[in-house]
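Please open the model in your viewer, with the sequence panel beside it, and follow the stops below in order. Each stop says what to select and then what is found there.

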Amino acid sequence: MAGTKVEKKEEPEEAVKETTGADKELELDTLPGVGPATKQKLKDAGIETILDLATSGPMDIADAVDIDVSKAVELNNKARKKLVELNRLEPDFINAADLLVKRKAIDRISTGSKNLDDLLGGGIETWAMTEFYGEFGSGKSQVCHTLSVMVQAPKGEGGLDAGCIYVDTEGTFRPERIAEIAEARDMDTEKVLSRITVARAYNSAHQELIVKDLGRIIEPNKVKLVILDSAVAHYRAEFLGRGTLSERQQRLNRFMHQLLRTAEIYNIAVVVTNQVQAAPDSFFGDPTRPTGGHVVAHTSTYRIYLRKAAKNRIARMVDSPYHPERDAVFFLDDKGVDDPSEESIRKK
Ligand code: GTP
Ligand code: MG
């Protein structure tokens with residue numbers, strides 16, 4: 001075992017010279033029970049820091065270190081405990097008053113439309129996962145493009161002056177569209193483009209790898225928004241037929257939970273899209289339902305259903321813990337997501 005994998009990795013120069021105090025306290029071997037060999041195995045699996053360890057699922061940790069799941073759960077708990085000590089994560093038990101104070105750290109990102117922001121209570125939230133679902137052409141990718149620009153706007157102008165990671169699973173990300181939206185919103189086009197990190201995911205395994213690697217990009221790039229457009233397309237394409245359904249749901253479940261943990265640990269907004277398809281067995285009910293089914297639905301903090309209505313788009317907040325279930329009308333134009341003009345509303 002030893003010897004084969006201990007070849008020295010060529011570290012990029014800046015990575016070597018930037019070991020700050022904050023990085024040191026997140027080193028894996030500061031955890032009790034993690035020695036050099038375990039540390040190396042975790043690193044080989046892309047789990048570089050205590051943050052990564054806390055966001056990884058026990059199954060992934062078990063695979064990486066070749067230990068059984070109960071030991072992996074223990075390791076994951078140790079990582080979470082350390083993050084609580086470092087004030088980077090909620091303790092398991094917290095009184096409601098403290099929780100209210102903590103929740104003040106939640107920020108919001110404008111969608112670009114006042115109507116849609118109102119529906120969301122001011123924009124999409126950090127520390128949460130928001131799902132936009134709807135049929136093709138309902139505007140899911142346009143919402144994502146607009147959000148990746150809006151997150152960069154200054155605080156007070158709908159943004160968080162922060163970067164974005166855009167995981168594109170369908171090859172529909174368009175930098176030209178980003179440039180158009182930024183320009184229409186009087187933002188510096190070059191700068192906006194440079195603060196969006198794009199990852200093209202070619203299959204579900206690749207998509208999972210990318211998400212495991214997010215931590216490495218989030219902090220140095222001051223990222224406050226991670227987008228997955230679409231979160232489920234690869235799973236749907238790869239796991240066909242009833243026989244593979246449970247494996248698909250398990251993998252998707254693991255994946256969605258990893259995303260949710262990432263949102264909570266880094267206090268970032270995670271946005272996922274999900275295409276709806278006609279469901280033959282619900283012929284008499286809602287003809288459309290999200291592909292990921294209950295897995296995605298249960299993991300998302302907020303769910304918004306998008307549909308076309310003539311030239312406008314209608315968004316509905318579904319199953320939110322505290323938003324009223326109602327509709328908001330928005331419009332797609334050169335600014336991306338925008339509010340419809342007065343006359344188009346009057347015509348309706
Ligand atoms: P799928 O990914 O196929 O499920 O669809 P989607 O929900 O992601 O749809 P998308 O966001 O791609 O919306 C497509 C619609 O957005 C088009 O039908 C257009 O109406 C509108 N749209 C797309 N690009 C532009 C653009 O550059 N300018 C304007 N004004 N509208 C656009
Ligand atoms: Mg799309």
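In which loop does Ser230 have its place? Select Ser230 and the elements on either side: the residue sits in the loop that runs between β6 (223–229) and α14 (233–238). Keep in mind throughout that this is a predicted model.

**The loop between β6 and α14**

With Ser230 still selected, add Asp229 and look at the peptide bond that leads from Asp229 to Ser230, which is cis, with an omega near -5°. Most peptide bonds are trans, and most residues other than glycine have a negative phi. Now move the selection to Val232, which also lies in the loop between β6 and α14. Val232 has a relative accessible area of 3%, and it therefore counts as buried, the cut-off being under 20%. Then select Ser204 together with Val232 and draw the distance between their C-alpha atoms: the two residues are 28 apart in sequence, and their C-alpha atoms are 8.4 Å apart in space.

**The whole protein**

Zoom out and colour by secondary structure, and the protein shows 17 helices and 12 strands. Of its 348 residues, 47% count as buried. If you display the surface, the protein exposes about 17800 Å², of which carbon and sulfur atoms supply 53%. Among the contacts between residues at least 6 apart in sequence, 64% join residues that are at least 24 apart.

**The surroundings of ligand 1**

Select ligand 1 next and expand the selection to the residues around it: there are 15 of them, and the closest are Gly137, Lys140, Ser141, Gln142 and Gln275. Coloured by class, this shell has 2 nonpolar, 6 polar and 7 charged residues. Three elements, α9 (140–150), α10 (175–184) and β11 (327–333), each supply at least two residues of the shell, and α9 gives the most, with 3 residues.

Where do oxygen atoms of ligand 1 come within a few ångströms of polar atoms of Gly139, Arg177 and Arg313? At Gly139, a polar backbone atom is 3.1 Å from an oxygen atom of the ligand. At Arg177, a polar side-chain atom lies 3.2 Å from an oxygen atom of ligand 1, and at Arg313 an N or O atom of the side chain is 3.3 Å from a ligand oxygen. Taken alone, ligand 1 exposes 660 Å², and the protein buries 63% of that area.

**Arg177**

Stay with Arg177, whose place is in helix α10. Is this arginine buried or exposed? Arg177 is buried, because its relative accessible area of 15% falls under the 20% cut-off. Show its neighbours, leaving out residues up to four places away in sequence, and you will find that Arg177 touches Gln142, His145, Asp333, Asp334 and Gly336. One of these, Asp333, has its backbone oxygen 2.9 Å from a polar atom of the Arg177 side chain.

**Helix α3**

Select residues 36–44, which form helix α3, and pick out Thr38, Lys39 and Leu42, which are buried. Seen down the axis of α3, the buried residues fall within an arc of 100°, so they line one face of the helix. An α-helix has 3.6 residues a turn, so residues three or four places apart point the same way. Adding α4 (50–55) and α5 (58–65) to the view shows part of what covers the buried residues of α3. Turn the helix around, and the face directed away from the buried side carries the exposed residues Pro36 and Ala37. After α3 comes Gly46, whose phi is positive, near 85°.

**Two residues with a positive phi**

Finish with two residues that have a positive phi although neither is a glycine, Trp127 and Asn267. Trp127 is found in the loop between β2 (124–125) and β3 (128–134), where its phi is about 65°; with a relative accessible area of 18%, Trp127 is buried. Asn267 has its place in the loop between α15 (245–266) and β7 (269–278), and its phi is about 50°. At 16% relative accessibility, Asn267 also counts as buried.

Definitions and conventions:
Residues are numbered from 1 along each chain as its sequence is written. Chains are lettered from A and ligands numbered from 1 in the order in which they are written. This is a predicted model: local features need pLDDT of at least 70, side-chain atom pairs count only at pLDDT 80 or more; totals for chains, interfaces and linings use all residues. Side-chain values use heavy atoms; hydrogens and water are left out. A residue is near a molecule or strand if one of its heavy atoms lies within 4 Å of it. A polar contact is a pair of N or O atoms within 3.5 Å; within protein, one must be able to donate a hydrogen and the other to accept it, and residues adjacent in sequence count only if both atoms are side-chain atoms. Accessible areas come from the Shrake-Rupley method with a 1.4 Å probe; for residues, only the protein chains shown count as cover. Helices (H or I, at least four residues) and strands (E, at least two) are DSSP runs, numbered from the N terminus. Ala, Val, Leu, Ile, Met, Phe, Trp, Tyr, Cys and Pro count as nonpolar, Asp, Glu, Lys and Arg as charged, and the others, Gly among them, as polar. Buried means under 20% relative accessible area, exposed over 50%, partly exposed in between (1.4 Å probe, protein chains only). Contact means heavy atoms within 4.5 Å. The arc is that of the directions from the helix axis to the C-beta atoms.
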